[in-house]
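Here are a few exercises to work through with the structure open in your viewer. Try each one yourself before reading the solution.

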Amino acid sequence: MSEPDVMSSSKKQFTLKNLPPLRKASSYPTGCPATYDYIVIGGGTAGCPLAATLSLKYKVLLLERGGSPYGNRNVSYMENFHIGLMNMAPDSPAQAFISTDGVINARARVLGGGTCINAGFYSRASSSFIQEVGWDEDLVNKSFPWVEEKIVQWPKIAPWQAALRDGLLQAGVAPFNGYTYDHVSGTKVGGTIFDETGYRHTAADLLAAGDPNNLRVLLHASVHRIVFNSRQGRLKPRAIGVQFTDENGRHHHAFLNNNKDSEIIVSAGAIGTPQLLLLSGIGPKNHLKSHNIPVVLHNKYVGKGMADNPMNSIFIPTRSPPRQSLIETVGITEEGVFIEASSGFGQSSESVHCHHGIMSAESRAQKIGQLSTIPPKQRTLEAAQKYAQNKLNLPKEVFHGGFILEKIDGPLSTGHLVLTDTDVRNNPAVTFNYFSHPQDLNRCVYGIKTIERILKTNRFSELSADGTGFSMERVLNMSVQANVNLIPKHTNDTESLEQFCKDTVITIWHYHGGCHVGKVVDQHYWVLGVSGLRVVDGSIFSRSPGTNPQATVMMMGRYMGVKILRERLGREAGV
Ligand code: FAD
């Protein structure tokens with residue numbers, strides 16, 4: 001197949017006027033006779049570019065459980081980042097969950113997925129990651145720019161981010177790599193999906209690069225089961241359709257056409273994809289039976305190998321409140337610890353005790369509702385109440401500054417995901433086992449010591465209240481008191497950095513895994529043991545790509561779309 005056939009439509013001018021209609025799932029007629037070449041489950045970071053690309057040649061149905069990002073101020077404006085994460089409404093674009101570790105977390109529930117609720121930082125995967133996963137480098141190098149020219153910008157660097165850049169360099173995290181999307185050691189300024197006015201561009205925008213005549217998008221369409229044809233004589237059960245509910249709770253079915261090349265692609269994210277495979281009968285048989293789910297295929301690995309990059313953060317009260325900023329500058333150390341920062345999210349009296357930006361956790365714990373259903377290691381009602389009470393007693397100045405945070409790359413500590421019930425709207429129980437591997441803990445300590453070096457630089461000393469610098473003991477103490485998770489604290493938190501790391505661990509929301517290559521999917525992301533079913537999203541990763549993952553997840557959606565089109569069109573042309 002010649003390249004222009006797949007790429008040509010993307011050359012037309014990119015404008016949001018070409019978005020397909022975004023309709024509610026209730027508009028789908030009962031007993032709808034339409035069938036599709038591709039059904040994509042999850043209109044998120046990978047699902048949107050994938051569906052748009054496939055629609056250039058074939059009929060595609062995209063089913064997203066959340067609503068539209070357009071017109072939602074919490075999604076669209078950077079200044080509302082933390083408020084959006086705090087929204088506990090059942091239709092909030094951010095669905096909170098608490099891992100059994102006691103760490104408060106969030107997953108997307110909106111067209112555009114994680115790109116609608118994230119911190120916007122954009123950085124490509126390294127070339128070693130691309131080689132490791134076996135992607136075609138030429139196609140990768142075409143797919144990243146396809147995303148970038150539509151929705152990525154360079155930030156107008158905020159003062160706090162400029163301070164971090166200088167502090168990192170003074171502390172020896174060198175060289176300075178300037179503005180770059182590349183994942184390279186040293187200090188850099190990366191891309192962002194926020195434009196200079198703070199307006200967010202998302203993966204949903206990428207749908208405008210598809211063919212609106214071939215692309216049907218349904219919002220508030222929660223897929224609760226993939227339907228298989230397990231007729232006797234078939235070697236493998238074949239995925240042929242899906243069952244979903246609309247915003248009124250009414251049930252619908254949608255089916256693939258009879259073409260042998262048609263497929264269902266699950267892009268429901270690292271929590272949603274293993275959850276949906278389990279609900280559809282693919283997973284450990286005893287676990288499925290314990291929930292009365294008919295077993296389609298026993299696979300003990302579904303939901304295994306879940307990992308979350310641990311993040312620990314230091315709160316830095318400054319002389320004058322810095323301007324708001326999310327991640328723009330990053331220090332990438334050879335030790336696999338990344339240093340990032342955010343600022344200015346705690347300046348209103350409302351947000352001091354309720355929200356504090358990237359750290360926002362607060363009384364979410366009580367509102368998530370999981371507390372009453374499963375007794376986890378650290379997730380008791382008592383813990384949450386104590387946590388909420390402590391929040392009211394926090395010193396105001398804690399939040400009148402910025403944060404410097406450290407993230408561990410490629411954590412060796414892993415966990416698992418299991419169902420708590422069979423309602424797809426509820427969160428499964430997820431365990432990440434943060435710092436259960438000693439190397440992760442050592443790297444956290446290294447990261448805190450790097451932040452200490454940054455705080456000792458002239459660049460940061462001048463930001464302190466009296467201009468003489470920050471006492472590490474004081475900032476560690478404040479960071480412990482900031483009470484960011486449900487993990488019990490210890491008296492030696494500020495003396496032992498190991499204890500500090502364990503007790504103040506939070507998430508940077510880069511969780512991944514649950515459907516690993518070679519265990520749940522093959523290297524082309526076909527689900528092992530069944531046919532007609534693939535997974536394309538962060539659940540297939542054994543480590544989170546790049547400095548931060550969204551660039552590679554969007555790229556992967558485009559990449560897999562082009563790859564699938566090339567292969568299918570090639571077969572149809574008999575080549
Ligand atoms: P998602 O984007 O979550 O897509 C899954 C989609 O599937 C969702 O829209 C969901 O609603 C839908 N879905 C799930 N189940 C079903 C179902 N049963 N039926 C129908 N639809 C379903 N990364 C960066 O690179 N930079 C950052 O600055 C950054 N900051 C972050 C901040 C936050 C608060 C969060 C949450 C993430 C952040 N990330 C960041 C991580 C990044 O956004 C995610 O890794 C990425 O978006 C995950 O993409 P995905 O396609 O795997 O899943």
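A crossing of two helices is called right-handed if the near helix is turned clockwise from the far one by less than a right angle, and left-handed if the turn is anticlockwise. Keep that handy, and remember that you're looking at a predicted model.

**Exercise 1. Work out how α6 and α18 are arranged: what are their angle, axis distance and handedness?**

Step 1: find helix α6 at residues 137-151 and compare its axis with that of α18; the two come within 8 Å and cross at roughly 120°.
Step 2: classify the angle. Roughly perpendicular ends at 115 degrees and roughly antiparallel needs over 145, so α6 and α18 are oblique to each other.
Step 3: get the handedness. α6 passes α18 in a right-handed crossing.

**Exercise 2. Do the same for α2 and α18, and say which class their angle falls in.**

Step 1: helix α2 covers residues 47-54, and it packs against α18 at an angle of about 25°, with the axes 7 Å apart.
Step 2: angles under 35 degrees count as roughly parallel, so that's the label for α2 and α18.
Step 3: the crossing of α2 past α18 is right-handed.

**Exercise 3. Now take α14 and α16: at what angle do they pack?**

Step 1: α14 spans residues 438-455 and α16 spans residues 472-481; their packing angle is about 125°, with 11 Å between the axes.
Step 2: that angle makes α14 oblique to α16.
Step 3: α14 passes α16 in a right-handed crossing too.

**Exercise 4. Describe the ligand's surroundings: how many residues surround it, and which elements supply them?**

Step 1: count the shell. The ligand has 36 residues around it, and the closest are Thr45, Glu64, Gly114, Phe121 and Gln550.
Step 2: sort them by type, which gives 17 nonpolar, 15 polar and four charged residues.
Step 3: look for the contributing elements. Among them, β6 (104-108), β12 (222-229) and α18 (550-572) each supply at least two shell residues.
Step 4: check polar atoms against ligand oxygens. A polar side-chain atom of Arg65 sits 2.9 Å from one ligand oxygen atom. On the backbone side, an N or O atom of Gly538 lies 3.1 Å from a ligand oxygen, and a polar atom of Ala108 is 3.3 Å from a ligand oxygen.
Step 5: ask about cover. On its own the ligand has 1000 Å² of accessible area, and the protein covers 95% of that.

**Exercise 5. Hunt for backbone oddities: where is the cis peptide bond, and what is phi of His220?**

Step 1: recall the background. Most residues other than glycine have a negative phi, and most peptide bonds are trans.
Step 2: the cis bond joins Ala174 and Pro175, with omega about 5°. Pro175 belongs to the loop between α7 (159-170) and β8 (176-179).
Step 3: His220 has a positive phi, near 55°, and is placed in the loop between β11 (215-219) and β12.

Note on methods. Residues are numbered from 1 along each chain as its sequence is written. This is a predicted model: local features need pLDDT of at least 70, side-chain atom pairs count only at pLDDT 80 or more; totals for chains, interfaces and linings use all residues. Side-chain values use heavy atoms; hydrogens and water are left out. A residue is near a molecule or strand if one of its heavy atoms lies within 4 Å of it. A polar contact is a pair of N or O atoms within 3.5 Å; within protein, one must be able to donate a hydrogen and the other to accept it, and residues adjacent in sequence count only if both atoms are side-chain atoms. Accessible areas come from the Shrake-Rupley method with a 1.4 Å probe; for residues, only the protein chains shown count as cover. Helices (H or I, at least four residues) and strands (E, at least two) are DSSP runs, numbered from the N terminus. Ala, Val, Leu, Ile, Met, Phe, Trp, Tyr, Cys and Pro count as nonpolar, Asp, Glu, Lys and Arg as charged, and the others, Gly among them, as polar. Axes are lines fitted to C-alpha atoms, for helices over the stretch in contact, and angles run from 0 to 180 degrees between N-to-C directions. Angles under 35 degrees count as roughly parallel, over 145 as roughly antiparallel, 65 to 115 as roughly perpendicular and the rest as oblique.
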